[in-house]
Amino acid sequence: QVQLVESGGGLVQAGGSLRLSCAASGSIFSINAMGWFRQAPGKEREFVTAISWGRTIIYYADSVKGRFTVSRDNAKNTVYLEMNSLKPEDTAVYYCAADGNTAAIRNGEFSFWGRGTQVTVSS
């Protein structure tokens, strides 16, 4: 099993920045893909970004391209989400996800999920 713990959320003004972290533990050698999703109250969870663990392949949702950057630190078993130029519509609970199949970065079907960290962007 894989355990994921997100951190770094908080309250920020529009135009500001936040850096989220997701630390993985457990069966970390089984991880081949990680990603970030977000869910606002009353809305469905949506894809934000995903990254492969070997060869670096990255996908971003159109809504965050040019503003968000995902990166990883293999030694720390951690993935990061740098969020810049934040907008009120970015307000959501942000979830980290992991899967043993690299295909997850394309199909969005991740097996393991964190409990989320709240990001609130004020106007």
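Start with the open sheet: select strands E1, E3, E8 and E7. These 4 strands lie in the order E1-E3-E8-E7, with antiparallel pairing. Look at the two ends of that row. E1 and E7 are the edge strands, each with a single partner, so one side of each has no neighbour in the sheet. On average, neighbouring strands here are turned by 15 degrees against each other, direction ignored. Keep in mind throughout that this is a predicted model.

**First edge: E1**

Select residues 2-7, which make up E1. Color its two faces apart. Val2, Leu4 and Glu6 are on the covered face. Gln3, Val5 and Ser7 are on the uncovered one. Now add E3, residues 18-26. E1 and E3 run antiparallel and share 6 bridges. For one such bridge, pick Val2 and its partner Gly26 in E3.

**Other edge: E7**

Move to E7, residues 68-73, and E8, residues 78-83. This pair is antiparallel too, joined by 6 bridges. Select Phe68, then Met83 in E8, its bridge partner.

**The disulfide**

Which two cysteines form a disulfide? Show the side chains of Cys22 and Cys96: their sulfur atoms are 2.0 Å apart. The count of disulfides is 1. Cys22 belongs to E3 and Cys96 to E9, so the pair ties together parts that are 74 residues apart in sequence. Turn the view to look along the S-S bond. The torsion about it is about -80 degrees, so this disulfide is left-handed. Both Cys22 and Cys96 are buried.

**Two hairpins around E5**

Next, select E4 (33-39) and E5 (46-52). They pair in the antiparallel sense over 6 bridges. Gly35 stands opposite Ala50 in E5. The two strands form a hairpin, with 6 residues between them. Stop at Gly42 in the turn, where phi is positive, at about 80 degrees.

Keep E5 and add E6, residues 58-60. Here the pairing is antiparallel again, over 3 bridges. Thr49 stands opposite Tyr60 in E6. This second hairpin has 5 residues between its strands.

Is E5 mostly enclosed or mostly open? Of its 7 residues, 5 are buried, so E5 is largely enclosed by the rest of the structure.

**The cores**

Now show side chains inside the chain. The largest nonpolar core has 28 residues. Select Met34, Trp36, Leu81, Met83 and Tyr94, which have the most contacts inside this core. Several elements give two or more residues to it, including E1, E3, E9 (92-99) and E11 (117-122). Met83 is already on your screen, as the bridge partner of Phe68.

Another core lies apart from this one. It has 7 residues; select Ala33, Ala50, Ile105 and Phe110, which are among them. Ala50 is familiar as well, since it is the residue opposite Gly35.

**Zoom out**

Finish with the whole chain in cartoon view. It holds 1 helix and 11 strands. Trace it along the sequence and the pattern is β-β-β-β-β-β-β-β-β-α-β-β. The C-alpha atoms fill a box of roughly 40 × 30 × 25 Å along the principal axes. How does the radius of gyration fit a compact globule, and what is its value? For 123 residues such a globule would have a radius near 14 Å; the chain has 13 Å, which agrees.

Color by burial next: buried residues make up 41% of the 123. Among contacts with a separation of 6 or more, 57% come from residues 24 or more positions apart.

Technical notes. Residues are numbered from 1 along each chain as its sequence is written. This is a predicted model: local features need pLDDT of at least 70, side-chain atom pairs count only at pLDDT 80 or more; totals for chains, interfaces and linings use all residues. Side-chain values use heavy atoms; hydrogens and water are left out. Buried means under 20% relative accessible area, exposed over 50%, partly exposed in between (1.4 Å probe, protein chains only). Two strands pair if DSSP finds at least two bridges between them. A nonpolar core is a set of buried Ala, Val, Leu, Ile, Met, Phe, Trp, Tyr and Cys residues joined through side-chain atoms within 4.5 Å. Axes are lines fitted to C-alpha atoms, for helices over the stretch in contact, and angles run from 0 to 180 degrees between N-to-C directions. A disulfide is a pair of cysteine sulfur atoms within 2.5 Å. The radius of gyration is taken over C-alpha atoms; the globule rule is 2.2 Å times the number of residues to the power 0.38. Contact means heavy atoms within 4.5 Å.
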